[in-house]
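Colleague: Before I rely on the terms used for this structure, I should like to hear the reasoning behind them. May we take them in turn?

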Amino acid sequence: MYEHCPHCGLRYEVEPGYFIGAMYVSYAISGGVALVIGFMLFYFAGDPEGWVYAAVVAPVMVLIAPINFRISRVIWLHYVAGIKYVKGL
């Protein structure tokens, strides 16, 4: 992640450890995705064994990790720092 915005020069990390709160957002996103996948497996695959849940959920969590990392930081910046995106500026 950039230290400063290449367009406007905004410094993203306001203080050391600023994005630690984004871990909680990331945890909520990951938990929600795992919950949805678990329900889908339960209802559409007929409640398979436990290893099937782990074999499906774990790779999905690894695949969404880079996206989840960035989205959780954006959500943290938006709601905690009050930074708003203005298209076209």
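Modeller: Certainly; please note that the model is predicted. Let us begin with E3, which has a relative accessible area of 53%.

Colleague: Why is E3 called exposed?

Modeller: Exposed means over 50% relative accessible area. E3 has 53%, and therefore E3 is exposed. This residue lies in the segment before α1. Its C-alpha is 10.0 Å from that of V14, with the two positions 11 residues apart in sequence.

Colleague: What makes F44 buried or exposed?

Modeller: The relative accessibility of F44 is 72%. The cut-off for exposed is over 50%, so F44 counts as exposed. F44 is placed in helix α1, which covers residues 21-44.

Colleague: Which residues make the nonpolar surface patch?

Modeller: The patch is made by L35, V36, F39, M40, F42, Y43 and F44, and has an area of about 810 Å². Membership requires over 30% relative accessible area; F44, at 72%, is on the accepted side of that limit.

Colleague: Why is D47 called partly exposed?

Modeller: The class lies between under 20%, which is buried, and over 50%, which is exposed. D47 has 42% relative accessibility, so D47 counts as partly exposed. D47 belongs to the loop between α1 and α2.

Colleague: What is noted about the phi of D47?

Modeller: Phi of D47 is near 50°, which is a positive value in a residue other than glycine.

Colleague: How do you know that V56 and V60 are partly exposed?

Modeller: The same limits of 20% and 50% apply. V56 has 30% relative accessibility and is therefore partly exposed. V60 has 25%, so V60 also counts as partly exposed. Helix α2 holds V56, and V60 is found in helix α2 as well.

Colleague: How far apart in space are V56 and G38, and V60 and R11?

Modeller: The C-alpha atoms of V56 and G38 are separated by 8.9 Å, although 18 residues apart along the chain. For V60 and R11, the C-alpha separation is 32 Å at 49 residues apart in sequence.

Colleague: At what angle do α1 and α2 cross?

Modeller: Two packed helices are described by the angle and the distance between their axes. The axes of α1 and α2, the latter covering residues 50-81, cross at roughly 145° and come within 8 Å. The crossing of α1 past α2 is right-handed. The residues of this contact divide into 18 nonpolar, six polar and one charged.

Technical notes. Residues are numbered from 1 along each chain as its sequence is written. This is a predicted model: local features need pLDDT of at least 70, side-chain atom pairs count only at pLDDT 80 or more; totals for chains, interfaces and linings use all residues. Side-chain values use heavy atoms; hydrogens and water are left out. Patches are made of residues with over 30% relative accessible area and no salt bridge: like charges are joined within 9 Å, nonpolar side chains (Val, Leu, Ile, Met, Phe, Trp, Tyr) within 5 Å. Accessible areas come from the Shrake-Rupley method with a 1.4 Å probe; for residues, only the protein chains shown count as cover. A salt bridge is a side-chain nitrogen of Lys or Arg within 4 Å of a carboxyl oxygen of Asp or Glu. Helices (H or I, at least four residues) and strands (E, at least two) are DSSP runs, numbered from the N terminus. Buried means under 20% relative accessible area, exposed over 50%, partly exposed in between (1.4 Å probe, protein chains only). Axes are lines fitted to C-alpha atoms, for helices over the stretch in contact, and angles run from 0 to 180 degrees between N-to-C directions. A crossing is left-handed if the near helix is turned anticlockwise from the far one by less than a right angle, and right-handed if clockwise. Ala, Val, Leu, Ile, Met, Phe, Trp, Tyr, Cys and Pro count as nonpolar, Asp, Glu, Lys and Arg as charged, and the others, Gly among them, as polar.
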